[in-house]
Protein chains: 2
Amino acid sequence: MQRHFHEELDALKQTLLAMGGLVEEQIRRVMIALLERDGDLAREVIERDTQVNAYDVEIDETCVELLALYQPTAGDLRFITTAMKIVTDLERIGDQAVNIAQRALELNQEPQLKPYIDLPRMAEKAQRMVKESLDAYVGRDTALARRVCSEDAEVDALKEQIFRELLTFMMEDARTIPRAIRLILISRFLERVADHATNIAEMVVYMVESKMVRHTLAR
Amino acid sequence: MQRHFHEELDALKQTLLAMGGLVEEQIRRVMIALLERDGDLAREVIERDTQVNAYDVEIDETCVELLALYQPTAGDLRFITTAMKIVTDLERIGDQAVNIAQRALELNQEPQLKPYIDLPRMAEKAQRMVKESLDAYVGRDTALARRVCSEDAEVDALKEQIFRELLTFMMEDARTIPRAIRLILISRFLERVADHATNIAEMVVYMVESKMVRHTLAR
């Protein structure tokens, strides 16, 4: 029974990493869709969100089954309840990819406002945070988790920079306003991706150290 | 032991409702702070978020303890794992109140752009959705939960209306842009409150009917 349990726990980890890989891929692809003004790719990202949602339901089911069948305690119990919370964050990262895809499709209706430089940098950072937060979870690695939390400030700084730059565009030429606002929204969606990764990382520290790290780590 | 378990389950429900009451109150108060340009009240809302976070940790701990001590199965197991997910949504609704408070403080630096009419309506709807979603949870009431899901469209419609109106302001007078953007952001924060309530409602339907309702309900 115990061997079986640990095999199933390993399978859970693998599925969770696969879901993480998929949402990272969704962010990567939607940024290509935005940068290359590729409407087909943006629509693909939107369609593929059903796969993300399917993972959410699957992992949730697996966790409830593991709890019911093996009634784990202590560390394993917390590992599973943390997985149930992490999938929710991953699913919502997937939603942000869809939000960006929708704005990208709208942006394609007009000429490009400016070359995008900070948005892809922001996306790369956010994507890396997602990957690291999941690595921290499966490896129960609090040092890595804390690094993710500290990276959030860089993403916020980029968001502020993008906002200030686009504000200048809007103030100088009112015709740029609708496009600028869409780009500001995209930066906010990417910020939320980073926030979800930070949430995951905080849960990992909490899971491992079982003390009140959440809500006390400097953001 | 079983009687004890059900008493503790009842206590969990009460604590969750208390947390829900607190975040509703946070939304209510931050909207007064915005409408009455009351900086002190906005700062109070920001400070009070620590209470919301304390509930998050407390309920999470209680749930893990209940799972470890009583090893519940079937409906009770799912009720507890759902509680663990719901607190995360409630905590993030609390974060939206803080986000609004910060924008309200910034808006106080300049004269008011326009009388706010749709924002308070949006806030009221979102607040009601939060209350109803939690009532649906404790009452395992799927009809009410489905109603919450259907209300989300009204909030989205108000958000679009606010966006279009503020776009007109910005196009006509560039000096209104920073204020208009802050108001647009506030409408997005309220939209996220409604989204969290919808997430809770979807989880309730899923918990009760244990079939794939999440991600299939019309948004």
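**Exercise 1. The interface.** How many residues of chain B are in contact with chain A, and how many residues of chain A do they meet? State which helices of chain B contribute.

*Solution.* The structure is a predicted model. Step one is the count: 22 residues of chain B contact 22 residues of chain A. Step two assigns the side of chain B that touches chain A to helices: H2 (39-70), H3 (74-107), H5 (142-172) and H6 (177-209) of chain B each supply at least two residues. Among these, H3(B) gives the largest share, six residues. Step three sorts this side of chain B by class, giving 13 nonpolar, six polar and three charged residues.

**Exercise 2. Two helix pairs.** Determine the relative orientation of H4(B) and H6(B), and then of H3(A) and H6(A).

*Solution.* Two packed helices are described by the angle between their axes and the distance between the axes. For helix H4 (residues 118-138) of chain B and H6(B), the angle is about 20° and the axes lie 9 Å apart. Angles under 35 degrees count as roughly parallel, and H4(B) and H6(B) are therefore roughly parallel to each other. The crossing of H4(B) past H6(B) is left-handed.

For helix H3 (residues 74-107) of chain A and helix H6 (residues 177-209) of chain A, the axes come within 10 Å and cross at roughly 170°. Angles over 145 degrees count as roughly antiparallel, so H3(A) and H6(A) are roughly antiparallel to each other. By class, the contact of H3(A) with H6(A) has 12 nonpolar, five polar and nine charged residues.

**Exercise 3. The contact of H4(B) with H6(B).** Describe the residues that meet, and place Ala126(B) within the nonpolar core.

*Solution.* On H4(B), the residues that meet H6(B) include Leu119(B), Met122(B), Ala126(B) and Met129(B); their counterparts on H6(B) include Leu190(B), Val193(B), Ala194(B) and Ala197(B). The class count for this contact is 17 nonpolar, two polar and one charged.

Ala126(B) touches Leu190(B), Val193(B), Ala194(B) and Ala197(B), as well as Ile27(B) and Val155(B), residues up to four places away in sequence being left out. The largest nonpolar core has 129 residues, and Ala126(B) is one of those with the most contacts inside it, together with Val30(A), Ala126(A), Val204(A), Val30(B) and Val204(B).

**Exercise 4. A cysteine in H5.** Is Cys149(B) buried or exposed?

*Solution.* Cys149(B) is located in helix H5 of chain B. A residue is buried if 20 or more other C-beta atoms lie within 10 Å of its own. Cys149(B) has 22 other C-beta atoms within 10 Å and is therefore buried. Cys149(B) and Ala194(B) are separated by 45 residues in sequence, with their C-alpha atoms 9.1 Å apart.

How values were computed: Residues are numbered from 1 along each chain as its sequence is written. Chains are lettered from A and ligands numbered from 1 in the order in which they are written. This is a predicted model: local features need pLDDT of at least 70, side-chain atom pairs count only at pLDDT 80 or more; totals for chains, interfaces and linings use all residues. Two residues are in contact if their C-beta atoms, placed from the backbone, lie within 7 Å. Helices (H or I, at least four residues) and strands (E, at least two) are DSSP runs, numbered from the N terminus. Ala, Val, Leu, Ile, Met, Phe, Trp, Tyr, Cys and Pro count as nonpolar, Asp, Glu, Lys and Arg as charged, and the others, Gly among them, as polar. Axes are lines fitted to C-alpha atoms, for helices over the stretch in contact, and angles run from 0 to 180 degrees between N-to-C directions. Angles under 35 degrees count as roughly parallel, over 145 as roughly antiparallel, 65 to 115 as roughly perpendicular and the rest as oblique. A crossing is left-handed if the near helix is turned anticlockwise from the far one by less than a right angle, and right-handed if clockwise. A nonpolar core is a set of buried Ala, Val, Leu, Ile, Met, Phe, Trp, Tyr and Cys residues joined through C-beta atoms within 7 Å. A residue is buried if 20 or more other C-beta atoms lie within 10 Å of its own, exposed if 12 or fewer, and partly exposed in between; C-beta atoms are placed from the backbone.
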